[in-house]
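Thanks for sharing this one; I enjoyed going through it. Please have the structure open beside you while you read my notes.

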Amino acid sequence: MSTIDPVTFSVVWGGLLSTAAEMGSTLLRTAYSMTVREGSDFSTGVFDAEGNMIAQGDYSPGHLGSMAFTVREMLAYYPKGSLGPGDAVICNDPTIGSGHLPDFFMVTPVFHEGELIGYAVNIAHHMDVGGSAPGSEEVVGIAETCQEGIRLMPVLLYKAGEPIKEVFRIIEGNVRIKDVLGDLHAQYAANTTGVARMQALARQYGAEQLAACMSEILARSHQAMVEAIAELPKGTYHFHDVLDDVGPDTDPVPFVLALTVDDGRIVCDWTGTGPQRPAGINAYLQYTRSYCIAAIKAVTLPKSPQNYGIIRCIEIVAPKGSYVNPHPGAASGARAVNANRIYEVVMGALAQIVPDRVIAASSGFCNPKVSGTLSPYTGKPFLAWMSAIGGVGAHRHRDGQEATTSPTNGTNTPVEVQEMNAPVFIERMELIPDTAGAGRFRGGMALRKDVRLLADSGLVTNLGDRYVNSPYGLEGGHPGTRAATILNPGRADERSLHSKGTYALRKGDVLSMRTAGAGGFGDPAARDPAFVLRDVRRGLVSEAAARDTYKVALTPDGRAVDAPATAALRG
C-alpha cells in the first residue's frame, strides 16, 4: 500500500504530464522547419533517474513507443556520473532510435541540489540529413544506411549549456537545409523547459518525494495494464496484410502477425513476415514495437498516460533479418509508410477480440518531397514537405474522420506555409467523393492535393502505399478506394507515378496526390438513410452510390429520403 499522500501524488503526476506537454509547446514555437513547426513531427518525454519513461506528450506514436527503449540505450553510452547540468546527448542511429536517420533524439539530465533526479527527452524529425535524395527518404536504389545521410551514435551536442561547435559543423557539412541546425537548438530549448519544470517539482516536494511518486506512477500504470489485459479473452489471434511493394517492379511485402493474449502480457509475433529488402524502407524493431504498442494501448487503456509501466506488458517477437526487424545497416529512410501497415495488422487481430474498440484501415498518406537546386525567389536550393493526409477508418459506432492522420498523429501542413517556403502553388486541396469505404459507418474520404512547380526544374521523391491494395473494411464494411499520384492530370502528357519512385519535374508540372479512402465498418445497407442523405448533400457521396451501394433512394429533388423506395431497395 502506498504511503504517498494522494493529493501530492495527483499533483506531481499532473505536473510531470504538463512538463512533457510544455516541452512540446516550446519545441513547436521555436522550431525552424515545417516538419516540426506545422507538421508536428516531434515528441517529448520525462524520465526518472534510472532512465524509466514516466510521462510523454501527446505526439507521434512512432517516437513515443521507441522512446523508452532508446533512452536506455543512449544512457548506456553515458552512465550516471558522466553527464552534468546543461549537457545534452543526441542520437539518430536507426537501430537505437526510432528507425530512420531524420529522427534525432536529445537527452538532457535534470539535477536538483547536485543530485540527478531525471531526464528531459525529445525527438524531432529533421527536414534533411543528407544522403542520396533531398529529404533523406528515398526508397529506390538504396540498400544501406550509409547511403541515406549522416549517422550519429550517442554523442554530446551541448556541454554545460554551451553548444559543441565541432559537432554542429559536422552536421552542417552533411545536410542540405540549414533549418536542421535551428531545429537542434529548438530541441535543446524544449529540454531546458523540461529541466526547469522538473526542478520546480523537486523544490516544492523534495527530490525523495518526487522519486517516490515516479516509482508509484510506474507501479500503478503497470497494474492498470495487467488488469486491462486480464479482461481480454486469452488465446492467439492471426491477421495479415501486405505492403504494395518497395519500389517499381518489386514484390509486395507480407505482414503476418500472431497476437497472443496471456497472463498480464500481450505478445506480437511477426514470424512469417517477409525478409528485409534492399530498399530504403525497412522497419527496424524499435519502429515495429512503437506501432504495436500504439494499437494495443488504443484498445486497452486509451485514456491513460503512456509510460514504461504500461509498455513493458507488451512483447514483440520478430525474426532477425525480417522486414520488421532487419539487420543493422539496412536502409530505412522511408520507413514511415510502414506505420499504417503495422498498426492496422495489429488492429485486425484485435478486431477478433474487442470489435467495439477497433477501427478499420485508414487512408494513410502521400508524403512526397519536392526539391530543387534553385528557387526563383531566393536563388537557393529548396525542399518542400508536400504531405497529403486522408481519412481515418470507421469504428463500429461512428464514421471515420476526414483529413486526419491515423495512427501517425501528424497534420496536413497549411498550403500557405508550403507556398511560402518553396516555389510551388497548391492548385487544389479537396475531398474526393465516393472514395470512403462504405459501411453502416463509412470510412474517411480520400484527399486530393494538386501542386504546381514554379521553379525551372525540380525533383519529386514519392512516398506512399495502398496504390495496389485497398484499406480493408471490417464486419462487411467495404474497403476504401486505392491511392494514386498523377503527373499533369488532364493534359496530353498525363501519367501515373509509382508510389515510391523518384521523378524529374519541369516548370509548370502539376503533381496530383490522391490518398486512399479509409475502410468502412458494417453492412452499407444498414446505414441510417439520414446519414446517407447528409453525405449526398455535402457532396461526399453521389446519388448513384447512395442508391447502388447504400440502398437509399432520394426524392427527385435530392433533398430528402424516399422512404418507400428505400424500403424496397433494402427489402
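The points below take up two sheets and two residues of this predicted model.

1. Let me begin with the seven-stranded sheet. The 7 strands form an open sheet with antiparallel pairing, and their order is S2-S1-S5-S4-S3-S6-S7. Strand S2 (53–56) and strand S7 (162–163) are the edge strands; each has a single partner strand, so one side of each is left without a neighbour in the sheet.

2. Within that sheet, have a look at the pairing of S4 with S5. Strand S4 (residues 103–112) and strand S5 (residues 115–125) are joined in the antiparallel sense over 10 bridges. If you would like a residue pair to find your place, Phe105 has Ile123 in S5 as its bridge partner.

3. Two helices deserve a look alongside these strands. Helix H1 (residues 6–30) lies across S2, S5 and strand S1 (42–48), and its direction is at about 145 degrees to S1. Helix H3 (residues 61–77) also packs on the sheet, where it touches S1, S2, strand S3 (88–91), S4 and S5. The direction of H3 makes about 50 degrees with that of S1.

4. Now to the other sheet. Its 5 strands form an open sheet in the order S16-S17-S22-S19-S20, again with antiparallel pairing. At the edges stand strand S16 (424–432) and strand S20 (495–497), each with a single partner strand, so one side of each has no neighbour in the sheet. From one strand to the next, the twist averages 20 degrees.

5. The edge strand S16 pairs with strand S17 (residues 446–453) in the antiparallel sense over 8 bridges. Here Leu431 has Leu447 in S17 as its bridge partner.

6. Arg289, in helix H7 (residues 285–300), is one I would ask you to check. What is the nearest side chain of opposite charge to this buried residue? That is Glu73, 6.4 Å away, and Arg289 has no salt bridge. The Arg289 side chain does make a polar contact with the side chain of Gln286, at 2.5 Å. Leaving aside residues up to four places away in sequence, Arg289 touches Gly65, Phe69 and Ile316.

7. Finally, Glu315 sits in strand S11 (residues 314–317). Its relative accessibility is 33%, so Glu315 counts as partly exposed. Not counting residues up to four places away in sequence, Glu315 touches Arg265, Ile266, Val267 and Cys268. Glu315 and Asp269 are 46 residues apart in sequence, and their C-alpha atoms are 8.4 Å apart in space.

Key. Residues numbered from 1 in each chain as written. Predicted model: local features only at pLDDT ≥ 70, side-chain atom pairs only at ≥ 80, totals over all residues. Heavy atoms only, no water. Helix = DSSP H or I, 4+ residues; strand = E, 2+ residues; numbered from the N terminus. Buried < 20%, exposed > 50% of the residue type's maximum accessible area, 1.4 Å probe, protein only. Lys, Arg positive; Asp, Glu negative; His and termini not counted. Salt bridge = Lys/Arg side-chain N within 4 Å of Asp/Glu carboxyl O. Polar contact = N/O pair within 3.5 Å; in protein donor to acceptor, adjacent residues only side chain to side chain. Contact = heavy atoms within 4.5 Å. Pairing = 2+ DSSP bridges. Axes fitted to C-alpha atoms, helices over the stretch in contact; angles between N-to-C directions.
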